[in-house]
Each structure stands twice: as structure tokens, then as C-alpha cells.
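User: I would like to go through the labels given to this structure and ask what each of them rests on.

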Amino acid sequence: RKTYPRGIGAIDPALSQIIQRLLEDDPRLGPVPFRPSPRAIFRLGRFLIPFLGRISGVMLRPERAARRTLEAFDAAIAAARHNLQPRGDIWEKFATRMTLFDLAGRIFPEFVIPRGIPPIVAGMAAFFGVLARFAGEAAEARGEERLRRLHLEIARGLPNNVTTEMDLDLWRKAQALRGDPEAARVFAGTPALALADAYLQGALPPVAQRALDEFLEKYGARGVGEIDLGRPRWREDPAHVIQTLQSYLGITEPDQAPDAVFARGAQAAKRAVDELAAATRSLPGGWLKSHLVRGAARRYRALGGLREAPKFFAIRMMGLLREGLLASGRDFVEAGLLEQEDDLFFLHIAELEEAAARREFSGLLRKRIAARRALRAREMRRKQIPRLLLSDGTAFYEGVAAPEGESDALIGDPVSPGVAEGTVRVVFDPHETQLQPGEILVCPGTDPAWTPLFLYAGGLVMEVGGMMTHGSVVAREYGIPAVVGVHRATERLKTGQRVRVDGSSGRIDIL
């Protein structure tokens, strides 16, 4: 009751405000006496004691822990792909592919949580427990509000972040295309959809075909709304990736190159560490605090980027699942057992297992597929989803509360410091938009599939999100001013408006 509103604030500050208000006003949410059973205490201790031990080990050798975590994830994906070699008739192949659901169910509690989460917890402890705390102390003691945001500067240009590494890899692919006259000419004069069709047919110029093959081999399981197994992946429809490559080819100024921007961010982070260490030296216990700042910065710089790694691992595992289900879907369509190759995504796992055991899709299962497909089509028309939904149907939509007397102000949570002025581009689907360099990206929210747009955005405004959501993390790493949790930003801001985004104060001004 005490910690949840604060903890959820790092994910969505508007949600934190709503919950705090409910806890104060709603008698149904009063505290309930609770005493855990000895068995529950034993099970919790059996998990926590080794978990905390792993965190201590990570703190001692953070660079080695980061490397081993990423290597373990890569090895697990390679093993899963190797073991998933279906043979036999269409039903035997389907049954083999279904075994991956069981593996995926076990791999998180047995592997991802014990191996992947301790480095992230260690990094967050350094970030919030030392860097953010001492930045606040220094700001209070010296009366310099600028110091309060220094910990965010330290988060710029982080290594080991699979999402930013993906974006920079795509930038390198763009440079390969730029260096090949035939590929550069084709990409400059052909629509993205036509290029995507040519790629899927293996008909792009050799340099371009090879560059996309290499990129999609590693990142092709990504896509918009990628945590939904039923959504298309880049390897199935690479049009968005190709659009981004075309935009990268339009960046001609060396100092605007994404790798140069990222390198400047890393240098800015180093300066921020020095400044925060110097500022804390004048505090009571300053010698110790200054050393703690440098130690915490080293650990956060090594571990903070891993925040994206478990999600990327999950998406790659889901990519294997999706490939298998689509392959079986095609088999069943060819055999006249299903109507569309993605029908399997409209069945629950238990229903898929039932079909595999009976070696048939009953009339009832086919009716369920049709009904659920229609339901999804209806739900996809929704323009807004509640931030919070109570069991009596009460829905809360509002974003970060504006200061008293400024109800019309465009206010949000400042998550990446700096000020940017530019032209607004409201985006609901990155697949349908080609952002121009320097534009202010305004959107409901983002996931990693959006982040290639960040490399040439001037600033970022989101309706949802908080300090530790994907868009905020990547915006800080690139040094893009960002404000999130802005209520109805996509309605109140219009494409073509010129605005100022202040990622230090959380204010957006229409110019």
C-alpha cells in the first residue's frame, strides 16, 4: 500500500497519482490485516536469499555479469531453435512446435528471472538508490535545480542496450546502402512497400538484400505491439524497416549521424558523473558520497542497458513460436482444415493442445476462431484504453495532473532532460509514417519497434509511460528531450504545429 504508488510511478506517473487518490478516498481499498503462513515465508525466503546473493555478485563484477547475461540469452535462443526441428505429417509437426509453449512457460521462472533480473535490479538500485538520491540532495543543498536531473544525464549513451544497438545496427546498414550506387539509387526512387515485396522475393540489389538479411536474422522477430503473439513481425513485413533506412539515407550532416549522437551522449554522461561527484563532495559525508556516486555510475553504466534484454529474449522466443504456428497454419489451410494461416492465434493454448491430441479442428473450434476474429476487429477500433479499470467498471483515463490553476497546460513527466523546438508529427502507427529529421514525435506510447524513429526525432511526447518505460529509456540514451504521461497529447497537439518540449520541467509550449 505504501510502496506500490511510488514504484508504479517509474512506469506511469499518472497511474501513480490515480492510485494514491483512490487509496485515500475509497473505503474498499482500506488496509487489510494479513499474516503470511510459515510455508509462504519459507518459499519466499528460498527464492529471495539466492536472488539477493546473485545481486551482490553482480554488484561486485558488473561488466562480467552483463556479458554473461547477454551470452546466456543468446545461447538459450540458439538451443531452442536447434531443438525445434519438426518432422512427420502436419499433425506431428504441429505437436513438435507446440512443445515450445511448455519450454516458454518454464524458461522464465527457471532461467530468465534468476539469471536476467538480478543485473537489472542491481542497475536500478545504483540509479535510484544512489545517483537519483544524491542528485536530489545536491540540488537541495546548493539551490541548483539543474543538479536534480544529473542522474538522467548519466543514463545517456548506455552500452549493452539491445534496443539502441538495434537502431545503431540499422544505421550501419544504411551506410552500406549509401556506399553502393545501385542500392542507393533503388532506395531513393522506390516506395517502401515495393522494396519490401522485392526483398521477400530476393530481388533487391545484392548489397541491400544482404544488409536486410543480416538485420532481420537478429531483429526480425520485432514488430509493433510485439508482445502480442498474433501481430506481424518485421521479417514477415519489412516495410517499416525499409522506411527507416530511407529516412536514415536522408541524414547527411556528420554531426547528426546517430552513431555520432550516441557517442556524444556517452561523453555527456561521463561529464555528468564528474559533476555529480564534485557536487556531492561538498555535502556532509561528501568524500564517501562522492566515491559512492562514481561506483554507482560505473555499475549503472554497465547494467542499466540490460533493462531491455529480458523483453528482447521473450520476443525472440515468441518469434520462434510464431514462425511455427504460421507454418502449421499454412499446412492446415493447404489441407482444407482451416481458412486462414493465422487462425491458430485465435485459439487458447489448451484448445491448440486439444486439436493436436484429436488431430482435428472441430466445428466448435472453427466457430470460436471466427467469433474471436470479429471481436478483435471491433476492439481494434478503440481510440483510447483506460490507464486503470476497477472491478465495478469505473475507468480512469487522465494523464499527469497539471498544476493548480493551469488545467489547460500541456504538462507531463520529464524523463529525458533538454529543450527541443520543432514541428509536431502525431503518429499512431510507425509503419504508416516517415518522420522528418528534427520533428517532434507525438504518440500514444511506444515499444522497441518505434525506436528507430528516435534517431532523427527532435523530441518525444507520449500519452503513457514513465521514467523506466522503453521510450523514456531510449530517449535518454540518445539525448532526446522527452515528456511522457501527457493527457490526450495526440488530440491536443496537431501535426504541423511548432512546439517547445522541455524534458527537464515536463512542460510543452505551443509556439
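Analyst: This is a predicted model, and the turns below set computed values against the cut-offs behind the labels.

User: Why is the pair of Phe-127 and Phe-128 called edge-to-face?

Analyst: The structure holds 18 aromatic pairs, and in the one formed by Phe-127 and Phe-128 the ring centres are 5.0 Å apart with 85 degrees between the planes. Rings pair if their centres lie within 6.5 Å, and planes over 60 degrees apart count as edge-to-face, so Phe-127 and Phe-128 meet both conditions.

User: What makes Phe-127 buried, and why does Phe-128 count as partly exposed?

Analyst: Buried means under 20% relative accessible area, and Phe-127, at 0%, falls under that limit. Phe-128 has 35% relative accessibility, and partly exposed is the class between under 20% and over 50%, which is therefore where Phe-128 belongs.

User: What makes the pair of Trp-171 and Tyr-248 edge-to-face, and which parts does the pair tie together?

Analyst: Trp-171 and Tyr-248 are 5.8 Å apart centre to centre, with 65 degrees between the planes, and these values satisfy the limits of within 6.5 Å and over 60 degrees. Trp-171 lies in helix 7 (residues 162–178) and Tyr-248 in helix 11 (residues 239–248), so the pair connects parts 77 residues apart in sequence. Trp-171, with a relative accessible area of 5%, is buried, and Tyr-248 is buried at 0%.

User: How do you know that strand 4 pairs with strand 8?

Analyst: Two strands pair if at least two bridges are found between them, and three bridges join strand 4 to strand 8 (residues 482–484), so the antiparallel strands qualify as a pair.

Key:
Residues are numbered from 1 along each chain as its sequence is written. This is a predicted model: local features need pLDDT of at least 70, side-chain atom pairs count only at pLDDT 80 or more; totals for chains, interfaces and linings use all residues. Side-chain values use heavy atoms; hydrogens and water are left out. Helices (H or I, at least four residues) and strands (E, at least two) are DSSP runs, numbered from the N terminus. Rings of Phe, Tyr and Trp (its six-membered ring) pair if their centres lie within 6.5 Å; planes under 30 degrees apart count as stacked, over 60 as edge-to-face and the rest as tilted. Buried means under 20% relative accessible area, exposed over 50%, partly exposed in between (1.4 Å probe, protein chains only).
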